[in-house]
Amino acid sequence: MKNARVIIVDDETDIRDGLKSWLSNEYMTQCFDSAESFLNAITNFDFEDGVPSCMLLDFQMPGMNGVELQAALKQINVEFPIIFMSGNAGQADIINAWHGGAIDFILKPFTPQQISEALTKLFAQRERDTAITSGGQQGIIDIPITSREAQVLLLLGKGHQQKEVAEMLSLSLRTVKMYRTFLKNKLNLNTLMEIARYCDQHQKSIEKIAEARTAGN
């Protein structure tokens, strides 16, 4: 039984058809060739039907682009996880998309496995978040990082490049890269999107660890 919905918005026919072919056996899929065509059809969707939904959204399209569609959906209070797809997005684009509500960012060309893994991770995380919310779990959590690693993590999560982090913390670029590797290994944060999401989810906990170093100075 298909228990999740994936909405595909991309102006390239081959990508739309490929995604639909890859995903339709596991998910309910619907395709649109532009942001405008999706907005025109949005009244046909029942986003309160209890079916977990997400969108695979092309970052750059003729007319309204992906980020503009993201903003338009927020204005009409239609919010669900968005995975952006792009061939040439920069770091600032990725961070801005995340803070606008994106869940992940996949660079083109991608493989079916990359898409499948991203969706599996997304829907699994939604289930965990729902369970946590239902159980009332919140607040400070224990994160196995040092205070300096926490400082680096917070700055990376805000979209600063490693060179900027080095300057802000009076560290060498090599040292910041070393901390970045530690964070990847300890927290399994492999992408900028994962870093930004983790910082948003656990900001208080990370800040508490970072403040320990400030207090000790």
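Let's start in helix α8, where Val-176, Tyr-179, Arg-180, Leu-183 and Leu-187 are buried. Look down the axis of α8: those buried residues fall within an arc of 105°, so they line one face of the helix. One reminder before I go on: this is a predicted model.

Now turn α8 around. The face turned away from the buried side carries Arg-174 and Asn-185, both exposed. What sits over the buried residues? The cover includes α6, residues 147–157, α7, residues 162–168, and α9, residues 192–201.

Next, a quick check on the length of α8. The helix runs over residues 173–187, which makes 15 residues. At 1.5 Å a residue, α8 should span 21 Å. Its end C-alpha atoms are 21 Å apart, so the two agree.

What follows α8? The next residue is Asn-188, with a positive phi near 60°. Asn-188 is not a glycine, yet its phi is positive. You'll find Asn-188 in the loop between α8 and α9.

There is a similar case in the loop between α7 and α8, and the residue there is Ser-170. Ser-170 is not a glycine either, and its phi is positive at about 55°. Is Ser-170 buried or exposed? Its relative accessibility is 67%, so Ser-170 counts as exposed.

On to charges. How many salt bridges does the structure hold? The count is 5.

I'll stay with α8 for one of them. Lys-186 pairs with Glu-149, and their closest N and O atoms are 2.9 Å apart. Lys-186 lies in α8 and Glu-149 in α6, so this salt bridge ties together parts that are 37 residues apart in sequence. The two ends sit in unlike surroundings, so take them in turn. Lys-186 has 39% relative accessibility, and therefore counts as partly exposed. Glu-149 has 3%, so it counts as buried.

Another salt bridge joins Lys-121 and Glu-194, with the closest N and O atoms 2.5 Å apart. Lys-121 is in helix α5 and Glu-194 is in helix α9, so the pair ties together parts 73 residues apart in sequence. How accessible is Lys-121? The value is 40%, so Lys-121 counts as partly exposed. Glu-194 comes in at 10%, so that end counts as buried.

Now the pair I'd click on in the viewer: Asp-10 and Lys-108. They form a salt bridge, with the closest N and O atoms 3.0 Å apart. The pair links distant parts of the chain, 98 residues apart. Asp-10 is in the loop between β1, residues 5–9, and α1, residues 13–23. Lys-108 is in the loop between β5, residues 102–107, and α5, residues 112–135. Are these two buried or exposed? Both Asp-10 and Lys-108 are buried.

Asp-10 and Lys-108 also belong to a network. Salt bridges that share partners join Asp-10, Glu-12, Asp-58 and Lys-108.

Keep Lys-108 on screen. The peptide bond from Lys-108 to Pro-109 is cis, with omega near -5°. Pro-109 lies in the loop between β5 and α5.

That brings us to pockets. How much space lies in the second largest pocket? About 340 Å³. It is lined by 15 residues, and the closest to its centre are Asp-104, Phe-105, Ile-106, Gln-114 and Thr-191. Which elements give two or more residues to that lining? They are β5, α5 and α9. You have met α5 and α9 already, as the helices that hold Lys-121 and Glu-194.

Last stop: Gln-70, in helix α3, which covers residues 66–75. Its relative accessible area is 6%, so Gln-70 is buried. What does Gln-70 touch, leaving aside neighbours within four places in sequence? Its contacts are Ile-82, Phe-84, Ala-97, Gly-100, Gly-101 and Ala-102.

To recap three places to look. In α8, the buried residues line one face of the helix. At Asp-10 and Lys-108, both partners of a salt bridge are buried. And right after Lys-108 comes the cis peptide bond to Pro-109.

Key:
Residues numbered from 1 in each chain as written. Predicted model: local features only at pLDDT ≥ 70, side-chain atom pairs only at ≥ 80, totals over all residues. Heavy atoms only, no water. Helix = DSSP H or I, 4+ residues; strand = E, 2+ residues; numbered from the N terminus. Expected span 1.5 Å × (residues − 1). Buried < 20%, exposed > 50% of the residue type's maximum accessible area, 1.4 Å probe, protein only. Arc of directions from axis to C-beta. Contact = heavy atoms within 4.5 Å. Salt bridge = Lys/Arg side-chain N within 4 Å of Asp/Glu carboxyl O. 1 Å grid on protein atoms, 1.4 Å probe; cavity = no way out; pocket = protein on both sides within 12 Å on 5 of 7 lines; lining within 4 Å. Points joined across faces, edges and corners; volume = space filled by probe spheres on them.
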